[in-house]
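Colleague: Could you walk me through this one? I have a few questions ready.

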Amino acid sequence: MPTTRIKLLRAPNLARLCWLAHGFSTRAPGAFNLNYSVAKSPAAVVRHRRALLGALTARRPWQLVTLRQRHTDLIRVLPLEGSDGLGRPSRERDGAAKFTGDALLTDRPGLLLAVQVADCLPILIADPARRVVAAVHAGWRGTLAGIVAKTVGRMRQEFGCRPKRMLAAFGPGIHRCCYEVGREVVEGFEAKFAYWDKLILRIAPSPSQVHWQQPLMDPAPGLPRPRPAVTSPYGEKFFLDLVEANRRQLVEAGLKAKSIWASPDCTACRTDLFFSHRAERGKTGRMMGVVGIVQR
Ligand SMILES: [Zn+2]
């Protein structure tokens, strides 16, 4: 497959860094699936992955590192202890990622860290001063577990990175317009985050029309902040804003708001461009968010 036909999206803030390569794949051209477990033909995935690596030009070949993603807050720092020191935990030849987790982190050139997505948010983080990169897979479970904030914490701890200097990029994912969630998800966020109401949009259906409501109005001066009821007898619907949830975690972790870029694209709205697990009822491919340090 000619690499010129691959449509990769790039974040402007990361594109400025000459030592780093990154991209968010789309479903173009054709059905550009990058995941073995949902593939009809593993050979096609091999071809697609090869084309992806080819599109991220580098003098020396990349070694692609993937994970068995489980919606956890488990972070893998590469090279892993006990590996061969070359970050070879995941032998892509047979397609089997050897380790489970939902975030990858390295300071080692030549490793291309990948997270696989179809609605969940792919988040790439870089520290230009220390030259450390991370790739994070954040669905509602990972977000609730604080995976992106924990990844920033590990970058500080392992490599002495400073959040103020870090850059972050959110690839296409399911946005609030399409991400209806159950009451138990809302309750999870309410229990964990003081600002939970900023992340949840409530829609209360009425006999005549559907009202789009603000999650929570600011209280009048001097009055206590009212607590809206999570449950409702009227069959309210709840929509989660994954982008805002992860943006807030990063800002609370110390990143500057202006250092965070988010793709405007919702995967469920744009199934012409992206795979969407939700919009395509589970029968779809996977895209990748990838980031790596270029070998000189
Ligand atoms: Zn949408």
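**Burial, helices and a sheet**

Colleague: Happy to start with a single residue: is L199 buried or exposed?

Modeller: Keep in mind that this is a predicted model. L199 has 25 C-beta neighbours inside 10 Å. The cut-off for burial is 20 or more, so L199 counts as buried.

Colleague: Which residues is L199 in contact with, leaving aside its neighbours within four places in sequence?

Modeller: L199 sits in the loop between α5 (183–192) and β11 (200–205). One partner, D241, is 42 residues away along the chain, yet the C-alpha atoms of L199 and D241 are separated by 5.1 Å. With those sequence neighbours left aside, the contacts are F189, L240, D241, E244 and A245.

Colleague: On to helix α2 (residues 42–55): how far apart are its end C-alpha atoms, and what should its 14 residues span?

Modeller: The expected span takes 1.5 Å times one less than the number of residues. For the 14 residues of α2 that gives 20 Å, and the end C-alpha atoms agree with it, being apart by 20 Å.

Colleague: Within what arc do the buried residues of α2 fall, seen down its axis?

Modeller: The buried residues of α2 are V45, H48, R49, L52 and L53. They line one face of the helix, because seen down the axis they fall within an arc of 135°.

Colleague: Which strands do the buried residues of α2 pack against?

Modeller: We have just met these residues: V45, H48, R49, L52 and L53. Their packing partners are β2 (20–25), β3 (63–65), β6 (111–117) and β15 (287–293).

Colleague: Now the six-stranded open sheet: which are its edge strands?

Modeller: The strand order is β4-β5-β8-β7-β9-β14, with mixed pairing. An edge strand pairs on one side only, and that holds for β4 (75–78) and β14 (260–262).

Colleague: Which residue of β14 stands opposite A169?

Modeller: Strand β9 (residues 167–170) has β14 as a parallel partner over three bridges. With β7, β9 runs antiparallel, joined by four bridges, and there A126 has L167 as its bridge partner. In β14, the residue opposite A169 is W261.

Colleague: And which residues of β9 are buried on each side?

Modeller: Both faces of β9 are covered. One side carries L167 and A169, and the other carries A168 and F170.

Colleague: Last one: at about what angle does helix α4 run to β8?

Modeller: Helix α4 (residues 147–159) lies across β4, β5 (103–106), β7 (121–127) and β8 (132–138). Its angle to β8 is about 160°.

Technical notes
Residues numbered from 1 in each chain as written. Predicted model: local features only at pLDDT ≥ 70, side-chain atom pairs only at ≥ 80, totals over all residues. Helix = DSSP H or I, 4+ residues; strand = E, 2+ residues; numbered from the N terminus. Buried ≥ 20, exposed ≤ 12 C-beta atoms within 10 Å, placed from the backbone. Contact = placed C-beta atoms within 7 Å. Pairing = 2+ DSSP bridges. Axes fitted to C-alpha atoms, helices over the stretch in contact; angles between N-to-C directions. Arc of directions from axis to C-beta.
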